[in-house]
Amino acid sequence: VSPPPTIDATDEELVDNPVEQIPKEEYGKYITADVEEGIATAAVTTVNKGGGDDDMPAQPIQNELNDNMPTYYPSNDNFQEESYYPAIDYPAMDIPSEEIPFDGTTGGIQAFVVPTVYDATNVIPIQDDEELEKEAKKRYTRKIILRASILAVIAIAIVVPTVILTGGGETVTEEPSASPTNVPSLMPSFAPSSDAFQQTISLLTDESFSAENSDVVSLFRELGVSTMEQLLDDNTPQGKAANWVANEDPISPPLEIGSQKYIQRYIMAVFYYAMDGPNWMTCSEGGSVCNNGSPWLSEDDECDWFGSDCVNGELSQVSQGGFQGNNIFGTFPEEICYFTEMSTIVLNNNKVQGTIPPCFGRFSKLEILGLTSNSIDLPFPDEAVEGWTNLKILLLAQNLLEGPFPQSLTKLPALEELQIDSNSLTGTFPAFNRDDTPKLKVLFLELNGLTGSIPSDIFDIETLEHLNITGNSFNGSLPANIGQDFGNSNPLEVLDAGRNDLTG
């Protein structure tokens, strides 16, 4: 914009900026009269973008004064409140307009700068590893469906038992020269070139993957666990375990996919994630504190992981129930029912929730089940108890068992000790007797809601040493056969019966 006239300029200022000089007393008239000419001059000013000939015209400015045109009054040297050019968006330039204050001290019009505009057309955002993995799993699912459809069509074409030939007015059927022995599975087996994760999913869901895995696939299908949906969901214990055993297991050399150890490490990883393994107090993955055994999910043999033991290479013990427990939190994953050698499960003083899975009945060799001070609740599955023909010790004290006493527990032939105190069990005294539980030594029923009289059958068990029924609502008199002599000895040593309504 052409510079405005100055007031009493010096010689040096006139050399650098030769403009008309007017007397100070006439300056106010000049501003009000000549401001239109200055605006007209500014209307043709260009903005240099630094690119050569691509200069662009400045935003057009009003060539006529309007009611909002700033007016300078020499008497007070101030602008009125509405002393701003109006913000008007003109199509000549695609840039945002803004209110431009008129600088009365210099007579000039403040300049403005066109902001740099970046074109983001066709810019693709970068995805992180988690998003890429999810996309890969989606593509994999689509491939599964496509391959299954193709194989189904091929199967139909191959196994058609007859070929119908028409000739001479007679229809003749002929057996095909060769008939396939097996119908292709709808879940295709992956070639060796497929990645380990895809092969692991096939291993756990496709019976035809290998001879070794048919039993585990059959069991998982029966139980409805380790399904395709669960395996492809990286938020489930199954999805996390499949990814770990396929891509992160540090064991060296890598295990053959489909081997029994590979399946066993997968199932133990499911247990680890289902029980909040990363937050265990000791011996979690990568944990530096592990005084007895190796950390879980380490490169060591899984039979040496903390609290674990094996018989003939198969998991037979999970024991993490010390005085303080191990901060184990979650529900039992039914995948562990695969281990028929299981003899010991001790998780006392933890945060195990839910019910005992019915598939625990597969543990025919189970001898110790310790779940004291957890959050186990009813119903107690009869299917599980029926399989515990060798169970000796059952610890269920301080849980959330509420309702009638599970009478199935009175039918355990090898039972020696039952602690089921400090719950909310109701009903009459359990029907223990020497025929169904001939080896019972210790029975703790205290702090429940049991009622009725004390049956004499309990004192006919020749092995009974300690009976605690304190803190219930039993009534009546004590049986006369308490402490009876069974020949050479009287095994009963302790009878706690306080805080009841007993007489005698």
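**Exercise 1.** Which residues does serine 298 touch, not counting residues up to four places away in sequence?

*Solution.* The model is a predicted one. Start with location: serine 298 sits in the loop between α8 and β7 (308-311). Next, list its partners. Serine 298 touches Asp249, Pro250, Arg265 and Trp305. Now look at the side chains. Those of serine 298 and tryptophan 305 are joined by a polar contact of 3.3 Å.

**Exercise 2.** Decide whether serine 298 is buried or exposed.

*Solution.* Take the relative accessible area of serine 298, which is 10%. Buried means under 20%. Serine 298 is therefore buried.

**Exercise 3.** Describe α8 by its span, its burial and what follows it.

*Solution.* Span: α8 has 15 residues and reaches 21 Å from its first C-alpha to its last. That is close to the 21 Å expected at 1.5 Å a residue. Burial: 13 of the 15 residues are buried, so α8 is largely enclosed by the rest of the structure. Just after α8 comes aspartate 276, with a positive phi of about 60 degrees.

**Exercise 4.** Analyse the largest nonpolar core and find the element that gives the most to it.

*Solution.* Count first: this core has 88 residues. Those with the most contacts inside it are Tyr266, Phe332, Phe360, Trp388 and Ile458. Then assign elements. Those giving two or more residues include α4 (196-205), α7 (237-248), α8 (260-274) and β8 (314-319). α8 gives the most, with ten residues. Finally, inspect isoleucine 458. Leaving aside neighbours within four places in sequence, isoleucine 458 is in contact with Phe429, Phe432, Leu440, Leu443, Leu464 and Leu467.

Key: Residues are numbered from 1 along each chain as its sequence is written. This is a predicted model: local features need pLDDT of at least 70, side-chain atom pairs count only at pLDDT 80 or more; totals for chains, interfaces and linings use all residues. Side-chain values use heavy atoms; hydrogens and water are left out. A nonpolar core is a set of buried Ala, Val, Leu, Ile, Met, Phe, Trp, Tyr and Cys residues joined through side-chain atoms within 4.5 Å. Buried means under 20% relative accessible area, exposed over 50%, partly exposed in between (1.4 Å probe, protein chains only). Helices (H or I, at least four residues) and strands (E, at least two) are DSSP runs, numbered from the N terminus. Contact means heavy atoms within 4.5 Å. The expected span of a helix is 1.5 Å times one less than its number of residues. A polar contact is a pair of N or O atoms within 3.5 Å; within protein, one must be able to donate a hydrogen and the other to accept it, and residues adjacent in sequence count only if both atoms are side-chain atoms.
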